[in-house]
Each structure stands twice: as C-alpha cells, then as structure tokens.
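Work through the following exercises with the sequence and the model in view. Try each task before you read its solution.

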Amino acid sequence: MKQSLTLASKMAQNSVKQTPRELFAIAPMVDISDRFFRYFMRYLTPNAFLYTEMLNEHAIIHKKDRYSLLSFSDNQHPVVCQIGGNNPEKMATAAKIVEEYGYDEVNINCGCPSSKTRDGCFGAVLMFDAKLVAEMTRTMMKAVNIPVTVKCRLGVDNLDKYEDVHNFIRIVSHEGGVQKFIIHARKCLLNGLSPHENRTVPELKYDWVFRLKQDFPDLRFVINGGFTDPAKISDILNEDNGLEGCMVGRLAYNFPWNLAAIDRQLFKHDKDTLTREQIILSYAEFAQKEQETGLDRGERIPNSLLVKPVINIFSGEYEGGKFRKFLSELAIDKGYKGQVERVLRESIEYYKNINPEGVQTKNGEKIIRPIWQLQGYAKHKQAIIDNQE
Ligand SMILES: Cc1cc2nc3c(=O)[nH]c(=O)nc-3n(C[C@H](O)[C@H](O)[C@H](O)COP(=O)(O)O)c2cc1C
C-alpha cells in the first residue's frame, strides 16, 4: 500500500513537474548527437530541446568512462538523455544516474528498428509489449523526479493499425504514467528494411499523430519524421492540432544553418545569432579545450569527431561542399593531430575567400546567388538550394 502511494505521488509529480513546452527538438541520432554536436546546436537554436543519442542501459550503469558518456556543458539545457533497454530495474538505475548528471528528462527508445536493438529486445520491438514499457516507466518514475518520456513509431511490422498505436499509448500513459510521447510518424519493419530505409520507405502519417492528440487530449505529443522544409514546421505547429512540438533529425545534421531561422520564427525572438564565422571560431576554442582535457574511449578526442557537427554548416550555400571537403580532409591530416582549433580556423579562412558575404550572414539567412554564378553546379545541388531558400 505504502509503495503504491509512493508511486501514485511520484506519477502525479511526474505529470505536474514537467519541463516547459517542447516546441522544437533536435532528435536523438546515434553517432551524431554527442555532446559536441549538442554544444554546436546551441549556437543555432537557443531554445530547442536537445537529445542525446540512444545510450544503452548497460553502458550507463557499467561504463568505466561514464563521465565522457554523460557529461555535458551547462548551455545545453533543456537536454534529454535517451536510454535503450528493456529491464525495468536496470532502466531505473540508469535513469537515476542520468538524473544525477543533471539531465532535464529521460526518454525511452521504443522506435529503433536496427538489428542490434531487435536482437537485444529493445527499441521498436518494445511496441509489441506496452505492458513491459509501462512497467519500465513506472519503475523509472519511482527512482527519479525528472519526467520520463517515450519516443516511438506508429507501428511495427503487422502491429500497424491505428488501434494498435492507440492501445500502446493508452497502456503506457494509463499504467505507466507517461505524459509526453515523441512520435516518429511512420511504422517500421524489423525485417527486410535497413535502419536507413526505415526512415524513408514507410509512409509518413501525420494525421495519425493529430488523431492521437484528439483521443488523448491531456497527453503531450511531439511530432517527428520527414521535416525538411522550415516553413512546414511552423505551419504544422500553427495549425489547431494541439501538438506539443516538432522534432527534427536529419535537417539538423544536414542543414544546421536552417535551425537559426526556425528558432527565431518559432520562439518569436529577434536576438541576432552570431555569424557563421563567429560561431565556428567560438566552437573551435571549445573544441580545442575538449581535445586537451577530454577523452573519447580512453584516447585523445580525434579532430574528425570534433569537427563533425560543423561540416554541413554551409550546406545549401554557394560552394558549401568545398568547405565540407576541405574541413574533412584537414581533420584527418596527420600534421594537424591534436590541433582542432587550427583545423577549423584554416577551414573558415579558406571558405571566406570563396563566399565572403555568406560567412557573415546571421539568423539562418543565405546569400542568394545569381544563376550564372551557380553554373557548374550539378542539377541536384541547385535543387537543394531551391528547396532550402
Ligand atoms: C543517423 C541517425 C541515427 C539515429 N539514431 C537514433 C537514436 O539513437 N534514437 C532514436 O530514437 N532515433 C534515432 N534516429 C531517428 C531520429 O531520431 C528521427 O526519429 C528520424 O531520423 C526521423 O526524423 P527526421 O526525418 O527529422 O530525420 C536516428 C536517425 C538518424 C538519421
């Protein structure tokens, strides 16, 4: 009795003590959303929720170098740690550690279809067992005071009718106390499609997410999947659909400069961002310090890892590909080992000569070039530019 009262009060607390509205979020992405990427994202979007990549429950509990896995700089709040796992007790232990590190929320991955997660019985497989997910979230909520949330798909394999996802949300919210769901708005197939195909092939069904909100008006739903056009993000959030917010993944990695414009538009602020030159130089200083003091898997952090968040900063911009190529090559040049700041400085100097005005724009704005200057670009590059502007 005592235990259930404690749980009831924790669950009530979990629903009351919520983080602010998650209007915009940068998705968890394995091998991308590390602390360097999130640090860099903050220059572009001061307001988005930032997610870690999925961290395995086992790694959180047992990894010797837990600090390099979980630590993050203060500027990253609100920051959410995503955990992959299926054992309620271990998930609760991992969530407790995550809370102690200062994360604002803990999120369970119920949407990853990779063979690794499938074989380990976590990720999207968990959508087959809503009761287990509810048991996990209940156990986690007993252990922590930060909100416990779930990221899932609209379905898995043949569990793909609207009633199935409705049922999943009902059980995980009613029995598991979860108040906020991030929905990647397509189903996935555990066999027959690669993780990449599972992000592109199954049809996007945003209307199902709207329907979930209608059916569960008290729950918070963040919509995710396929947002490549910044205008569409504000459109969908301006519609009268009650959504909590919108999460983007590939847009943030492939076209990060767009985030600056999206942030201003969604949060209706007119604070100028830094120019891209200023951002890169400031990030370069941070990266150099990390390289001198931090470790990655027990080794000095390589240039390639530290420059990864920056490589696409001029995507969709005049000759942005040249910046990417120059930076990537310099990062693996042996002569630059341990000198990430120099790599970044020289790369921005190089690109400044190609696109001096572009480097100086602020707020996600791009220089629109007359068509004759774009001659020599492959047609698909032109299409990307058209799309982004
Ligand atoms: C490289 C990559 C890694 C990903 N890793 C994760 C992950 O760790 N956890 C997760 O929930 N989703 C992961 N996803 C899925 C994204 O979070 C997101 O749901 C998906 O990319 C759809 O959003 P988008 O169309 O805006 O990219 C990953 C996606 C990509 C492209």
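**Overview**

The secondary structure of the protein comes to 18 helices and eleven strands, where helices (H or I, at least four residues) and strands (E, at least two) are DSSP runs, numbered from the N terminus. The model is a predicted one, in which local features need pLDDT of at least 70 and side-chain atom pairs count only at pLDDT 80 or more, while totals for chains, interfaces and linings use all residues. Residues are numbered from 1 along each chain as its sequence is written.

**Exercise 1. Find what percentage of the 389 residues of the protein count as buried.**

Begin with the rule: a residue is buried if 20 or more other C-beta atoms lie within 10 Å of its own, exposed if 12 or fewer, and partly exposed in between, with C-beta atoms placed from the backbone. Applied to the protein, this rule gives 46% of the 389 residues as buried.

**Exercise 2. Decide where the largest nonpolar core lies with respect to domain 1 and domain 2.**

First, recall that a nonpolar core is a set of buried Ala, Val, Leu, Ile, Met, Phe, Trp, Tyr and Cys residues joined through C-beta atoms within 7 Å. The largest such core has 107 residues, and those with the most contacts inside it are Ala95, Val106 and Met140. Its largest share, seven residues, comes from helix H7 (residues 130-143). Because domain 1 (2-267) and domain 2 (276-388) both give residues to this core, it lies between them; the domain bounds come from an automatic or database domain assignment.

Next, look at Val106 in detail, taking two residues to be in contact if their C-beta atoms, placed from the backbone, lie within 7 Å. Leaving aside residues up to four places away in sequence, Val106 touches Cys81, Ile83, Ala95, Val98, Met140, Val144, Ile146 and Val148.

**Exercise 3. Locate Asp31 and Asn363, and say whether each is buried, exposed or partly exposed.**

Asp31 is placed in the loop between strand E1 (24-26) and helix H2 (35-44), and has a positive phi of about 65 degrees although it is not a glycine. With 9 other C-beta atoms within 10 Å, Asp31 is exposed.

Asn363 is found in the loop between helix H17 (356-360) and helix H18 (379-388), and its phi is near 60 degrees, again a positive value in a residue other than glycine. Here 17 other C-beta atoms lie within 10 Å, so Asn363 is partly exposed.
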